[in-house]
Amino acid sequence: ADFDTVIHGGTIATADYLAKGDVGIKDGRIVAVAEHLSGGDQRIDAGGRIVMPGGIEAHAHIAQESSSGVMTADDYLSGSISAAFGGNSSFIPFAAQQRGQSVDDVLATYDARGARSVIDYSYHLIISDPRPEVLTDELPRAFQRGVTSFKVFMTYDLMNLGDGGMLDILTVARDHGAITMVHAENNDMVKWMNKRLAARGLTAPKYHAISRPQLAEEEAINRAIQLAKLVDAPLFIVHVSTEGGAEIVRREKFNGAKIYAETCPQYLALTRNDLDRPGMEGAKYICSPPLRGTDTQEALWHHVAHGTFESVSSDHAPYRADETGKFLNGFDVPYPKIANGMPGIAMRLPYLFSEGVVKGRITPEQFVALSSTNAAKTFGCATKGRIAPGMDADIAIWNPETTRTVRQQDQHDNMDYSPFEGMQITGVPEVVLNRGAKIVQDGVLKAAEGQGRFFARQPVDLRGKPGFKVPEFNPAQNFGADLR
Ligand code: URP
Ligand code: ZN
Ligand code: ZN
Ligand code: ZN
């Protein structure tokens, strides 16, 4: 047959347009997009449905030890299943280097973990130890095998690199066409706040939010961007949680710095009041950067709608509310001893669709860009994120009208709570395909363990990013190639 599968009669949504039409799939690839296609061994009726590129989750912690050594509740099997139920066809979790570890060992470890995935996967490499051989040999080797994004931390004592370490990473990444991602919070501000709060006995979960002020994020975002500008390197700011941070990103990117950024549903949906729930319930809402106020929610929605952010990502960091996760250090502990992070990989797209598209804050085209197409461009996923001939048949078919109440058991993860529990959500991904294979259909998992494949990624797509030349330090012009 001409096609293995034809998705027929839906509204095809891309980052640029909506159009009624059919999608023809052969050997895992999209081979035709037309007003009507006949044939196909299998025909999927998409009448009344929206046919869009499968989500690409670009920020998730899966089978990863946290900065304080707690293993996430989700591995590549449960994490990928939850992602698939949330409309994702692929994801890019983190492979995290512990200090002293070689990058080759890190990637071998995550190759073994990733082999269980039901959807295609790649990794961003977290670097905590940029020793000379890491910079000169190990990162270039990682890049060679298609790991084209590195992540660094400005906070957490065991992760944070200092400004010099960041400049080293930014420069190596730039030279190879990789992009550096950064968790931007001022470590000393946070530690100083922790000390002051502890001295007063203020250790309940709600003080977690107090301990990580908006200024700590704004200062670090600004500093990270100036570091990137000094060496004219691309930089991706993860989980922006403040209006001030978003405004710095916006100003700098439209002044020519190669800046990319994301925010996350939790900063749009929840507030610091959730940390003040009775008993230790608030621990479920501890993440970094912390939840903010309702004024921040409105401001971040404005930035989502007006182009400040390339992506909305989940930052799925699943630690159960028991002694294996949040409370590994005990149930009655001060907030600094509670694991940071919350789950939400299955909620990212349903939340963004419901509160964004259905409520008229963003267009369906923006939804596609924020959930898939921009991540593909930023992180070099050459055959993903678009519905066009030649692309992988990574497709989600959404019913835009189904309304449901969020329940933990529908997340299909290994967690014991969902921070989105009880929310009313309109719009559901009914069918999800990865390389032409149905992985989820009508609430049923169709994929087998290990069906996902690792995908090598290309350099970051810098088109439309003019770059920034610091007048007094233009390494190429003033010092010759040696200093680059
Ligand atoms: O609190 C969070 N987001 N935990 C995950 C680790 C990180 O900061 O990315
Ligand atoms: Zn048709
Ligand atoms: Zn982070
Ligand atoms: Zn994270």
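The exercises below, each with a worked solution, concern a predicted model of a protein with a ligand.

**Exercise 1. State how confident the predictor is in the protein and in the complex.**

Begin with the protein, for which the mean pLDDT is 96, while 96% of its residues reach 70 or more. Then turn to the complex, to which the predictor gives an ipTM of 0.94 and a pTM of 0.96. A caution belongs here: where pLDDT is low, the predicted coordinates should not be read in detail.

**Exercise 2. Describe the annotated domain and its secondary structure.**

First consult the record: an unreviewed UniProt entry lists residues 50-425 as "domain: Amidohydrolase-related". Next look at the chain over residues 50-425, which is 38% helix and 14% strand, with its end C-alpha atoms 16 Å apart.

**Exercise 3. Work out which strands of the three-stranded sheet stand at its edges, and why one side of each is left without a neighbour.**

Write down the order of this open sheet, which is E6-E7-E9 with parallel pairing. Strand E6 (55-57) and strand E9 (120-121) each have a single partner strand, so they stand at the edges and one side of each lacks a neighbour in the sheet. Now examine the pairing of strand E7 (residues 88-91) with E9, where two bridges join the parallel strands, and where Phe91 stands opposite Tyr121 in E9. Finally, add helix H1 (residues 76-85), which lies across E6, E7 and E9 and runs at about 140 degrees to E7.

**Exercise 4. Trace the seven-stranded sheet from edge to edge.**

The order of this open sheet is E8-E10-E11-E12-E13-E14-E15, again with parallel pairing. Its edge strands are strand E8 (94-96) and strand E15 (311-312), each of which pairs on one side only. Within the sheet, strand E13 (residues 235-237) and strand E14 (residues 259-263) pair over three bridges, with Leu235 opposite Ile259 in E14. Helix H2 (residues 103-114) lies across E8 and strand E10 (124-126), running at about 130 degrees to E8.

**Exercise 5. Identify the residues that surround ligand 1, and locate the cis peptide bond that involves Ser288.**

List the surrounding residues, which are His61, His183, Cys287, Ser288, Asp315, Ala317, Asn340 and Gly341. Sorted by class, this shell has two nonpolar, five polar and one charged residues. Then follow Ser288 to Pro289, since a cis peptide bond with omega of about -5 degrees joins Ser288 and Pro289. Pro289 itself is placed in the loop between helix H9 (265-269) and helix H10 (294-305). For comparison, most peptide bonds are trans.

Note on methods:
Residues are numbered from 1 along each chain as its sequence is written. Chains are lettered from A and ligands numbered from 1 in the order in which they are written. This is a predicted model: local features need pLDDT of at least 70, side-chain atom pairs count only at pLDDT 80 or more; totals for chains, interfaces and linings use all residues. A residue is near a molecule or strand if its C-beta atom, placed from the backbone, lies within 6 Å of it. Ala, Val, Leu, Ile, Met, Phe, Trp, Tyr, Cys and Pro count as nonpolar, Asp, Glu, Lys and Arg as charged, and the others, Gly among them, as polar. pLDDT is the predictor's confidence in each residue, from 0 to 100. UniProt positions are given in the numbering used here, feature names are shortened, and annotations may be inferred rather than shown by experiment. Helices (H or I, at least four residues) and strands (E, at least two) are DSSP runs, numbered from the N terminus. Two strands pair if DSSP finds at least two bridges between them. Two residues are in contact if their C-beta atoms, placed from the backbone, lie within 7 Å. Axes are lines fitted to C-alpha atoms, for helices over the stretch in contact, and angles run from 0 to 180 degrees between N-to-C directions.
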